[in-house]
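Here is the note you asked for on this model, set out point by point so that each can be checked against the coordinates.

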Amino acid sequence: QQADRLDVLMDGMTGLKETRASEKAAATSQLYHFSLTLMVALVVGITFHEFMHAYVADQLGDHRPRAMGRVSLNPTDHIDPIGAIFFLIAGFGWGKPVQVNPYALRPGRFGMAYVAVAGPLANVVVASVAAVAFRSVVLAGAADGPDDFVWQLLFAIVQFNVILGLFNLLPIPPLDGYNLVLPFLPPNIALQVQRYAPYGVM
């Protein structure tokens with residue numbers, strides 16, 4: 001009887017170890033999927049955001065972004081390593097800013113507003129496309145719910161791009177919202193606001 005009890009105890013311990021190992025593997029897999037989906041969403045969002053800044057500036061007459069290689073969908077042209085790390089750790093960060101000469105833009109002072117709004121609009125478009133794909137995948141039963149990688153990836157792209165687009169519309173320098181609002185202010189007020197721009201927060 002003691003031998004039988006010992007066998008039962010050993011079997012129980014073995015089963016417990018296997019359960020813990022299985023739970024640990026599942027947690028590791030979930031963390032890997034979460035990190036991967038977040039990185040993909042970050043790369044997609046920032047790449048399209050900065051590309052559209054550069055593209056619109058180029059179309060409006062400032063060709064410096066093109067000369068600097070920014071009219072490109074290559075993520076390495078737009079991702080700032082430190083800004084990306086901040087995104088992953090703190091939930092906020094930045095890409096490589098597109099250098100734009102507002103005096104080379106058409107139509108005058110409003111050109112910069114068009115360049116500024118292009119980034120957030122790009123994020124809205126990306127989020128919309130990903131949302132349609134997400135809905136289609138769910139309706140087709142191609143994803144098994146929140147634990148499915150495709151479900152997580154599309155959801156992350158939608159969420160990140162919505163947040164990135166809305167955050168950049170805040171009228172605080174150096175965010176896009178600042179350059180979007182500035183041309184619509186009376187010149188004397190715009191000049192006063194520009195004096196405080198260097199003290200704006202990211």
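The points below go from the overall fold to the pocket, then to charged residues, individual contacts and peptide bonds.

1. Overall fold. The model is a predicted one, and its protein chain contains 7 helices and 0 strands, so that its pattern along the sequence, by the DSSP-run criterion, reads α-α-α-α-α-α-α. Of the 202 residues in the protein chain, 35% count as buried.

2. The largest pocket. Its volume comes to about 480 Å³, and among the 23 residues of its lining those closest to the centre are Glu 50, Pro 97, Val 98, Pro 174 and Asp 176. Several helices take part, since α1 (2-59), α4 (111-139), α5 (149-168) and α6 (176-181) each supply at least two lining residues. The helix that gives the most is α1, with 4 residues.

3. Character of the lining. Sorted by class, the residues that line the largest pocket comprise 14 nonpolar, 7 polar and 2 charged ones. Readers inspecting the pocket may wish to begin with the residues closest to its centre, which include Glu 50 and Asp 176.

4. The salt bridge. How many salt bridges does the model contain under the distance rule applied here? The count is 1, and a salt bridge is formed by Asp 58 with Arg 66, whose closest N and O atoms are 3.0 Å apart. The two partners differ in their accessibility class, because Asp 58, at a relative accessible area of 6%, is buried, whereas Arg 66, at 46%, counts as partly exposed; the cut-offs that matter are under 20% for buried and over 50% for exposed.

5. A buried aspartate without a salt bridge. Asp 148 is placed in the loop between α4 and α5, and although this residue is buried, it has no salt bridge. Which side chain of opposite charge is nearest to Asp 148? That side chain belongs to Arg 135 and is 15 Å away, which means that the pair falls outside the 4 Å limit for a salt bridge. Asp 148 does have a polar neighbour in the backbone, however, as the nitrogen of Val 150 lies 2.9 Å from a polar atom of the Asp 148 side chain.

6. Asn 168 in α5. This residue lies in helix α5 and is buried, with a relative accessible area of 11%. Its side chain reaches back along the sequence to the backbone oxygen of Leu 164, at a distance of 2.9 Å.

7. Val 138 and Trp 151. Val 138 has its place in helix α4 and is partly exposed, its relative accessible area being 35%. Although Val 138 and Trp 151 are 13 residues apart along the chain, their C-alpha atoms are separated by 7.9 Å.

8. Cis peptide bonds. Most peptide bonds are trans, and the following cis bonds therefore deserve a look in the model. One cis peptide bond joins Arg 106 and Pro 107, with omega of about -5°, and Pro 107 is found in the loop between α3 (81-90) and α4. Another joins Pro 173 and Pro 174, with omega of about 10°; Pro 174 is in the loop between α5 and α6, and Pro 174 is also among the residues closest to the centre of the largest pocket.

Technical notes. Residues numbered from 1 in each chain as written. Predicted model: local features only at pLDDT ≥ 70, side-chain atom pairs only at ≥ 80, totals over all residues. Heavy atoms only, no water. 1 Å grid on protein atoms, 1.4 Å probe; cavity = no way out; pocket = protein on both sides within 12 Å on 5 of 7 lines; lining within 4 Å. Points joined across faces, edges and corners; volume = space filled by probe spheres on them. Nonpolar A, V, L, I, M, F, W, Y, C, P; charged D, E, K, R; others polar. Buried < 20%, exposed > 50% of the residue type's maximum accessible area, 1.4 Å probe, protein only. Lys, Arg positive; Asp, Glu negative; His and termini not counted. Polar contact = N/O pair within 3.5 Å; in protein donor to acceptor, adjacent residues only side chain to side chain.
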